[in-house]
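Thanks for sharing this one. Here are my notes, in numbered points, to read alongside the structure.

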Amino acid sequence: DVRGAIGRLHAQGRIFVAQNLSLPEMHAVMGSAKFCFVPKGKSAWSLRFYEALFANCVPVVLSDFWELPFESFMDVHSFVIKWPMDQVGDTLMEYLESLPDAVLEEYMEASRNLRCWYVYPPLLHEIEEDKSSDELYRVCPNLQEENAFTAIMKQLAAKARVSRTMSRFFGPGSFDEATTAAEKEMEPEALEADDGHEEPESASDE
């Protein structure tokens, strides 16, 4: 049980786990951490993943069957650590402790560059005229181009189906030769410019 393993690490004093915190308190705790554990919730995904991105701690995903959003065009390996659920314990802690600060800063920088793709901008921000005073645009200056709606459309465009049979013809044996011959057979014959009258001779000055 992944949450039981997390509880044991907390009991050992190796990680901090808190309950019943207010949102500001929780965000302050996450913002001061290097790593934020993201165990699965009732389903494979967890809201904690998105909170970790904006708290700027490195998310450590503990959910084996979670397909991370927008991985088809985003390098999620550059800012997420995904660890096996059945191996949460001393080895995980030793691995995290072994990572140099330079690597963690690279992960955090990648997270800052990519996290706004996960934001669904509310209508208020779409019609806001003065974006310089908008806190959301301060965090996500390119929000109009880089947001979750745009990301979904990118994924749908990539999944556009290309038919393997429409406007294509195929068959066994000498199919290609037969279709080539049929194409020639169907070509219209050249029309002869003959209306039964002789062509007039061109006049010339003597």
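1. Let me start with a question: which residue in strand 2 does F35 stand opposite? The partner is V58. Please keep in mind that the model is a predicted one.

2. That pair belongs to the contact between strand 1 and strand 2 (residues 58-62), which run parallel and are joined by 5 bridges. The sheet as a whole is open, with 3 strands in the order 1-2-3 and parallel pairing. Its edges are strand 1 (35-39) and strand 3 (81-82), each of which pairs on one side only.

3. Now for the overall layout. The protein chain has 9 helices and 3 strands, and from the N terminus the elements follow the order α-α-β-α-β-β-α-α-α-α-α-α. Of its 206 residues, 29% count as buried. Among contacts with a separation of 6 or more, 57% come from residues 24 or more positions apart.

4. Helix 4 (residues 90-98) deserves a look, as this helix lies across strand 1, strand 2 and strand 3 and runs at about 145 degrees to strand 1. One of its residues, D90, forms a salt bridge with R14, with the closest N and O atoms 2.9 Å apart. R14 sits in the loop between helix 1 (2-11) and helix 2 (23-31), so the pair ties together parts that are 76 residues apart in sequence. Both partners are partly exposed: D90 has 43% relative accessibility, and R14 has 30%.

5. The count of salt bridges comes to 7. Another of them links R48 and E51, whose closest N and O atoms are 2.3 Å apart. Both residues lie in helix 3 (residues 48-55), 3 residues apart, or about one turn of the helix. Is E51 buried or exposed? E51 is buried, because its relative accessible area is 16% and the cut-off for buried is under 20%. R48, at 33%, counts as partly exposed.

6. Helix 5 (residues 101-114) offers a similar spacing: E109 and R112 are 3 residues apart, about one helical turn. Their side chains meet in a salt bridge of 2.6 Å, N to O. E109 is partly exposed at 35% relative accessibility, and R112 is partly exposed at 28%. Elsewhere, salt bridges that share partners join R14, D90 and E97 into one network.

7. Finally, the surface. The protein chain exposes about 15,100 Å², and carbon and sulfur atoms supply 54% of that. Y120, F149, I152, M153 and L156 make a nonpolar patch of about 510 Å². M153 lies in helix 8 (residues 148-158) and counts as exposed, at 54% relative accessibility.

Conventions. Residues numbered from 1 in each chain as written. Predicted model: local features only at pLDDT ≥ 70, side-chain atom pairs only at ≥ 80, totals over all residues. Heavy atoms only, no water. Pairing = 2+ DSSP bridges. Helix = DSSP H or I, 4+ residues; strand = E, 2+ residues; numbered from the N terminus. Contact = heavy atoms within 4.5 Å. Axes fitted to C-alpha atoms, helices over the stretch in contact; angles between N-to-C directions. Patch = residues over 30% accessible without salt bridge, like charges linked within 9 Å, V, L, I, M, F, W, Y side chains within 5 Å. Areas by Shrake-Rupley, 256 points an atom, 1.4 Å probe, with all protein chains shown as cover. Salt bridge = Lys/Arg side-chain N within 4 Å of Asp/Glu carboxyl O. Buried < 20%, exposed > 50% of the residue type's maximum accessible area, 1.4 Å probe, protein only.
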